[in-house]
Amino acid sequence: LKRMLNFNVPPVKNSTGEPVWKVLIYDRFGQDIISPLLSVKELRDMGITLHLLLHSDRDAIPDVPAVYFVMPTEENIDRMCQDLRNQLYESYYLNFISAISRSKLEDIANAAIGANAVTQVAKVFDQYLNFITLEDDMFVLCNQNKELVSYRAINRPDITDTEMETIMDTIVDSLFCFFVTLGAIPIIRCSRGTAAEMVAVKLDKKLRENLRDARNSLFTGDTLGAGQFSFQRPLLVLVDRNIDLATPLHHTWTYQALVHDVLDFHLNRVNLEESAGTESTPAGARPKKKNKKSYDLSASDKFWQKHKGSPFPEVAESVQQELESYRAQEDEVKRLKSIMGIEGEDEGAISMLSDNTAKLTSAVSSLPELLEKKRLIDLHTNVATAVLEHIKSRKLDVYFEYEEKIMSKSTLDKSLLDMISDPDAGTPEDKMRLFLIYYISSAQAPSEIDLEQYKKALMDAGCNLAPLSYIKQWKAFTKMASAPTSYGNATPKPLGLFSRVMNTGSQFVMEGVKNLVLKQQNLPVTRILDNLMEMKSNPETDDYRYFDPKMLRGSDSSVPRNKNPFQEAIVFVVGGGNYIEYQNLIDYIKGKQGKHVLYGCSEIFNATQFMKQVDNFDNL
């Protein structure tokens, strides 16, 4: 992206002088790709004075170059031609997110000739950037029209073949862009008889065709090896969401996944409604009005990077520690100020000036750093407090622990009916999620009599039972119904009460919240990756298909030609993913020296959004 914003030449490090000032014109797709990666400040540092949506009313700025970053759609092309005719900018650098067709390119050329602006169209590039990078090791396909590739869209019972083709082509186009950007040709493995297999076949074909056209191949020359994977090819594991429907419904206990589950967290930005409650207002502060705040949880936020995968109690404790260490430094600044006699002059201060100048200089230089630290502490105090309110009011710790026990087949200390009927525990949706996990995880479905009893209890608790009918059919349909997915057998261990957080001075009142510590256990997606990456033989993955787009003839085999374990892998979930799975993969790979994993999915949804998708399948 930075290269594109620099007129498609690599930005020169520390070149003196101003950057070239320019405007950036994007569509919603372009906006979604750029916003998680580059802040407004970073754009400004690169010379972007204005960034505007293509379809907004834009004034002419005749002496400034414009960089366009848009999808090659009909209406986008029309609008660009209109810009050329209206002579809005000095020069035009046209960048397409996904490859533009020959005919559309001719449309632009004709418009440029008609507007006498051929010389002003400086560059036209296919960027192959049709995917959204949320983390260094995580990407999703799209955000704008995500309902077109959603779990629901792929699994609709009445879907036609042409509709399915369109969905698969959309997914493959984005995955192709991903590998062009990575500069690597993967070895592809996928499960049979699923949407993931259709994606694999199409992607293999598309990569193959591109490699065969040697002159125009995107995988030769300077792009290849630019990725981090130059010495060995990565493994791409395509899995279908249907292999595991329990995880998307699971309550969670790690920071990032909790934020996504209970707050409004979208493309790395969290939107909070600040409560007008009196309890959170410290003494002497003005009572707050209720207002919406949004925070970016980005790669530059050190605290977030360090703790997004930590269990929540640990996060609360770390925020508290950061706060205390900040307060110590804050006092230091005040002390220096008073020594300097900035507050109240006295002769002593003047005489001591000489030895303190050095100290003060260091205080001044560390002030911006301290203020940034303070901003991050405030941000995480607010976000963590909002999460904590949900945990306490809905007893999410209890749900998390109980679901982990169900999924790992441990003995339950309390009956499921009691959990559902407890008016104090959780929202109707929490109860429904718990029941669905129980239903999915049970070796044999509960008897009709039991099921009726559960249904009655769920109805009494105000639950919407619609998702159950879909899950019921899914379970009957899945071959694996005979042997349900195993989720390992480790349950979280409570660690007594909170140590430091319980101190009365803490921001977080954690009474009654269990201090659960996670034990690493691999979720199904992680287990599949482990089998394929380490070349382990396992009935679960032995019949996965094997594609190597570099081989001249494609073969329909499950026998890998390469017998060595892989160092790098990309897991891609067709039908949608979640932060629980992402975190589980990251934790798994931490234990493997020198190996990397990237996680991708067609869309990312939390349990609420997922339940909505399986809700209206009722017309089956």
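Rings of Phe, Tyr and Trp, the last represented by its six-membered ring, count as a pair if their centres lie within 6.5 Å. With that cut-off in mind, one can turn to this predicted model, in which Tyr255, Phe265, Trp304, Phe312, Tyr579, Tyr582 and Tyr599 form one aromatic cluster. A search of the whole structure finds 24 aromatic pairs.

A pair of aromatic rings is described by the distance of the centres and the angle of the planes. For Tyr151 and Tyr470 these values are 6.1 Å from centre to centre and 85° between the planes, and the pair is edge-to-face. This pair links distant parts of the chain, since Tyr151 belongs to helix H6, residues 151–155, while Tyr470 belongs to helix H17, residues 466–477, and the two are 319 residues apart. Are Tyr151 and Tyr470 buried or exposed? Both Tyr151 and Tyr470 are buried.

The chain as a whole gives the setting for these details. The protein chain contains 20 helices and 17 strands, and of its 620 residues 50% count as buried. Among the contacts in the protein chain with a separation of 6 or more, 78% are accounted for by residues 24 or more positions apart. About 29600 Å² of the protein chain is exposed, and carbon and sulfur atoms supply 53% of that area.

Among the strands, 3 form an open sheet in the order S10-S11-S12, with antiparallel pairing. Strand S10, at residues 264–266, and strand S12, at residues 292–296, stand at the edges with a single partner strand each, so one side of each is left without a neighbour in the sheet. Neighbouring strands of this sheet are turned against each other by 20° on average, with direction ignored. Strand S11, residues 269–273, is joined to S12 by 5 bridges, and the two strands run antiparallel; at the level of single residues, Leu272 has Lys293 in S12 as its bridge partner. Phe265, one of the members of the aromatic cluster, lies within the residue range 264–266 of strand S10.

Aromatic rings also meet charged side chains in this model. The charged end of Lys22 sits over the ring of Phe7, at 5.1 Å from the ring centre, and the charged end of Lys475 sits over the ring of Tyr439, at 6.0 Å from the centre of that ring. Lys475 falls within the range of residues 466–477 given for helix H17, the helix that also holds Tyr470 of the edge-to-face pair.

How values were computed: Residues numbered from 1 in each chain as written. Predicted model: local features only at pLDDT ≥ 70, side-chain atom pairs only at ≥ 80, totals over all residues. Heavy atoms only, no water. Helix = DSSP H or I, 4+ residues; strand = E, 2+ residues; numbered from the N terminus. Buried < 20%, exposed > 50% of the residue type's maximum accessible area, 1.4 Å probe, protein only. Contact = heavy atoms within 4.5 Å. Areas by Shrake-Rupley, 256 points an atom, 1.4 Å probe, with all protein chains shown as cover. Pairing = 2+ DSSP bridges. Axes fitted to C-alpha atoms, helices over the stretch in contact; angles between N-to-C directions. Phe/Tyr/Trp six-rings, centres within 6.5 Å; stacked < 30°, edge-to-face > 60°. Lys NZ or Arg CZ within 6 Å of the ring centre and 35° of its normal.
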